Amino acid sequence: MIVVAGEALIDLVPQGAGALAGLLPRLGGGPYNTAVALGRLGSPTAFCSRISHDAFGEALLGGLGDAGVDVSSVQRGGEPTTLAVATIGTDGSAAYSFYVEGTADRLFSAPDRLPDAARAVSFGTCSLVLEPGASAYEQLMRTAAAQGVFTALDPNVRAGLIPDPDAYRARFKSWLPSVSLLKLSEEDARWLGGTPREWLAAGPEAVVITQGGDGLTAFTRDGSVHSVPGEPVDVVDTIGAGDTVNAALLHGLAARNALSPAALAELGPRGWTELLRFAARAAAITCSRAGAEPPYASELGELGELGELGELGELGELGEL
């Protein structure tokens with residue numbers, strides 16, 4: 001089982017141009033999207049969060065159930081659901097403003113233990129910013145890592161929610177010794193500062209950087225760099241694309257029995273290239289439709305049936321970051 005820990009919220013997505021365009025509520029939140037995507041891909045998945053009893057909360061639980069996600073670790077509360085108002089750029093990119101005061105998900109408390117079947121646990125986004133829940137998720141991350149559970153982190157930076165950027169950057173660095181796989185976007189990497197090599201030296205076995213339509217690059221502890229191009233697609237919006245990459249990476253690693261630092265180190269050029277191509281294909285499908293609508297396994301074909309994939313070149317150290 002892969003456990004995804006973090007917020008569930010409602011994205012309010014504009015249905016036209018201008019500040020007063022109608023807003024369509026969509027199920028969302030980075031960790032929530034990752035859990036749904038994992039469920040749709042067929043990975044046994046559990047969601048660990050705190051969700052409101054309000055109508056939005058019930059809809060969020062329903063979406064998890066529809067994807068086959070185990071919700072037995074979900075806490076409930078009477079506070080309202082967090083809202084994220086999206087603004088869609090001309091290129092389909094999404095920016096957000098948040099309504100988070102007194103909402104249910106930020107009052108998460110760390111559970112005594114993860115499910116017995118947990119092989120990996122994934123963290124990220126607003127849940128690692130908003131207190132008091134952020135400290136509870138951080139505690140869960142450190143506990144899971146100390147117990148030898150594979151940990152994945154996608155900081156998915158929402159700068160508008162971070163009152164003290166320098167303090168958050170320092171906190172991010174403090175998480176790295178507890179992280180097995182770090183995934184982040186180019187934009188996140190620039191905002192956080194540092195390089196893949198510096199992050200790898202602090203703990204993770206691999207760092208994957210998403211580069212929008214230009215593809216994905218993986219850096220590994222042994223000095224290897226693996227890169228694939230993006231999949232051509234007519235972009236509707238990018239909501240949930242990075243979360244889909246998270247899910248596809250974890251699903252692919254689980255299928256290869258590589259959810260451990262040692263196994264990740266043995267993945268090799270072909271394994272990494274196939275894994276990254278699979279993640280790029282999954283993200284492209286998400287970008288081709290409105291809102292966070294990750295693909296089902298039937299839309300992607302079997303893992304490994306991606307053609308003869310060789311090494312696609314190296315991007316060096318991404319020094320511009």
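This section describes the overall fold, the aromatic pairs and the unusual backbone geometry of a predicted model.

The secondary structure of the protein comprises nine helices and 14 strands. Along the principal axes, the C-alpha atoms occupy a box of roughly 50 × 45 × 40 Å. The radius of gyration is 18 Å, which agrees with the value near 20 Å that a compact globule of 321 residues would have. Of these 321 residues, 54% are classed as buried. Among contacts with a separation of 6 or more, 71% join residues that are 24 or more positions apart in the chain.

The accessible surface of the protein amounts to about 12,600 Å², of which carbon and sulfur atoms supply 52%. With regard to charge, the protein carries 21 positive and 39 negative side chains. The centres of these two sets lie 2 Å apart.

Aromatic contacts were examined next. The count comes to five aromatic pairs. One of them joins Tyr-168 and Trp-175, whose ring centres are separated by 5.7 Å and whose planes meet at 80°, an edge-to-face arrangement. Both partners lie under the 20% limit for burial: Tyr-168 counts as buried because its relative accessibility is 6%, and Trp-175 counts as buried because its relative accessibility is 0%.

A further pair is formed by Phe-172 and Trp-199, with ring centres 6.3 Å apart. Their planes stand at 85°, and the pair is therefore edge-to-face, given that angles over 60 degrees fall into this class. This pair links distant parts of the chain, since Phe-172 belongs to helix α4 (residues 165-175) and Trp-199 to helix α6 (residues 196-202), a separation of 27 residues. Phe-172 has a relative accessible area of 1% and is therefore buried. The corresponding value for Trp-199 is 2%, so that this residue is buried as well. In addition, ring pairs connect Tyr-168, Trp-175 and Trp-191 into a cluster.

The backbone was then inspected for departures from the common geometry. Most peptide bonds are trans, and most residues other than glycine have a negative phi. The peptide bond from Glu-131 to Pro-132, by contrast, is cis, with omega near 5°. Pro-132 is placed in the loop between β9 (120-124) and α3 (133-146).

The loop between β9 and α3 also contains Thr-125. Although Thr-125 is not a glycine, its phi is positive, at about 65°. The relative accessible area of Thr-125 is 6%, and the residue is therefore buried. The loop thus holds both the cis peptide bond partner Pro-132 and the positive-phi residue Thr-125.

A positive phi is also found at Asn-156, another residue other than glycine, where the angle is near 45°. Asn-156 is situated in the loop between β10 (150-154) and α4. Its relative accessible area of 12% means that Asn-156 is buried, as this value lies under the 20% limit. Helix α4, which follows the loop of Asn-156, is the helix that contributes Phe-172 to the aromatic pair with Trp-199.

Note on methods: Residues numbered from 1 in each chain as written. Predicted model: local features only at pLDDT ≥ 70, side-chain atom pairs only at ≥ 80, totals over all residues. Heavy atoms only, no water. Helix = DSSP H or I, 4+ residues; strand = E, 2+ residues; numbered from the N terminus. Rg over C-alpha atoms; globule rule 2.2 N^0.38 Å. Buried < 20%, exposed > 50% of the residue type's maximum accessible area, 1.4 Å probe, protein only. Contact = heavy atoms within 4.5 Å. Areas by Shrake-Rupley, 256 points an atom, 1.4 Å probe, with all protein chains shown as cover. Lys, Arg positive; Asp, Glu negative; His and termini not counted. Charge placed at Lys NZ, Arg CZ, Asp CG, Glu CD. Phe/Tyr/Trp six-rings, centres within 6.5 Å; stacked < 30°, edge-to-face > 60°.
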